[in-house]
Structures are given as C-alpha cells and as structure tokens.
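Hi,

Here is the structure I promised to pass on. Have a look at it first, and my notes follow underneath.

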Amino acid sequence: MDKYYSITELTREFGISTRTLRFYEDEGLIHPERRGRTRLFRPADRRLIKEILRGRRIGFTIAEIREIIQVYKDPPGEMGQLQLLMKRVEEKREDLRQKRKDIDDTLTELDNVEEACLTRLAEIGVGT
C-alpha cells in the first residue's frame, strides 16, 4: 500500500500553514490526490514540497520554481533541470553579491556621515 501524508502531517513537518500548501496546489506546483475534501500527499509530493521550500529560502520566486519543476517534467528532463537550476543559482548568487556590496557601501557612507557629525560637534564645542 502506498504511503500517504495528510496535510496536517506535512504542515507540522515543514512548519508551514495549510494555506501555504493550498497556495502551492493552486499555483500548480503540487498535485495531491483528493478523496472527498481530503488531500492525500504522496512521497513525491512531500519531496517536491521540501524542494519548493528550499527554493523559497534561497530566494527563488514561485515562477522560477515552477519553471525549474516544469523543465524536469519535459525534455530534456533532469539534465535540463539541473542546468537551469545552476543558471538560476548563479543569478541569485550574483544578485546577493550586489546586495552585499550595496549594504557595505551604505554602511561606509553612514560611518562617514557619523564621523562628519562628530567632527562638527567637536568644532562647535558640543560634547557627546
């Protein structure tokens, strides 16, 4: 007999809401079986949820995740999926590097402004 997971089991395991799982279903990312109003998730659905959450943690959008999933389902299959994933990872890495540079530049500018303020306060005889 196939192992199925309930929505409650998966929400507890992954620390997400039922609304999140329903959203992923509405977006076409997962396709649980339905028995009446009950959703039954297969091990493949569970693995997919795990990968979706991983993608979200590293900053992929739902559209990017959908694209990666779709490439796996269509030719060239896993090879194409891995190549696309590597491309998306590099793009995300570059984006994060730029953000880090922007943050470092902003921190440096804040240090300069603070130093200028302290210098001017000292010039006008105000102790800090």
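A quick one to start with: which residue is the bridge partner of E33 in β3? It's L40. Bear in mind throughout that this is a predicted model.

That pair belongs to a little sheet, so let me stay with the strands for a moment. The sheet is open and has three strands, running in the order β1-β3-β2 with antiparallel pairing. Because β1 and β2 sit at the edges with a single partner strand each, one side of each has no neighbour in the sheet.

On one side of the sheet, β1 (residues 5-6) pairs with β3 (residues 38-41) through two bridges. Here Y5 is opposite F41, and S6 is opposite L40. So L40 turns up twice: it faces S6 of β1 and is also the partner of E33.

On the other side, β2 (residues 33-35) and β3 are joined by three bridges, again antiparallel. These two strands make a hairpin with two residues between them, and G36 has a positive phi near 70 degrees there.

F41 is worth a second look, as it comes back in the largest nonpolar core. That core has 20 residues, and L21, F41 and I49 are the ones that touch the most other members. At least two core residues come from each of α1 (7-14), α2 (18-26), α3 and α4. The biggest share is from α4, which puts in five.

Next, the largest pocket. It holds about 590 Å³ of space. Its lining is made up of 20 residues, with L48, E51, I68, I69 and Q81 closest to the centre. Three helices, α3 (43-57), α4 (62-73) and α5 (78-123), give at least two lining residues each. Of these, α3 contributes the most, with eight. As for chemistry, the lining splits into 12 nonpolar, six charged and two polar residues.

If you're clicking through the helices, note that α3 and α4 appear in both places: they supply residues to the core and to the pocket lining.

Last, the long stretch at the far end of my list. An unreviewed UniProt entry gives residues 79-116 as "coiled-coil region". In the model, that stretch is 100% helix and 0% strand, with 56 Å between the C-alpha atoms at its ends.

That's everything from my side. Shout if you want to go through any of it together.

Cheers

Methods
Residues are numbered from 1 along each chain as its sequence is written. This is a predicted model: local features need pLDDT of at least 70, side-chain atom pairs count only at pLDDT 80 or more; totals for chains, interfaces and linings use all residues. Side-chain values use heavy atoms; hydrogens and water are left out. On a 1 Å grid over the protein atoms alone, a cavity is a set of points where a 1.4 Å probe fits but cannot get out, and a pocket is an open set with protein on both sides within 12 Å along at least five of seven lines; lining residues have an atom within 4 Å of a point. Grid points are joined across faces, edges and corners, and a volume is the space filled by probe spheres set on the points. Helices (H or I, at least four residues) and strands (E, at least two) are DSSP runs, numbered from the N terminus. Ala, Val, Leu, Ile, Met, Phe, Trp, Tyr, Cys and Pro count as nonpolar, Asp, Glu, Lys and Arg as charged, and the others, Gly among them, as polar. Two strands pair if DSSP finds at least two bridges between them. UniProt positions are given in the numbering used here, feature names are shortened, and annotations may be inferred rather than shown by experiment. A nonpolar core is a set of buried Ala, Val, Leu, Ile, Met, Phe, Trp, Tyr and Cys residues joined through side-chain atoms within 4.5 Å. Buried means under 20% relative accessible area, exposed over 50%, partly exposed in between (1.4 Å probe, protein chains only).
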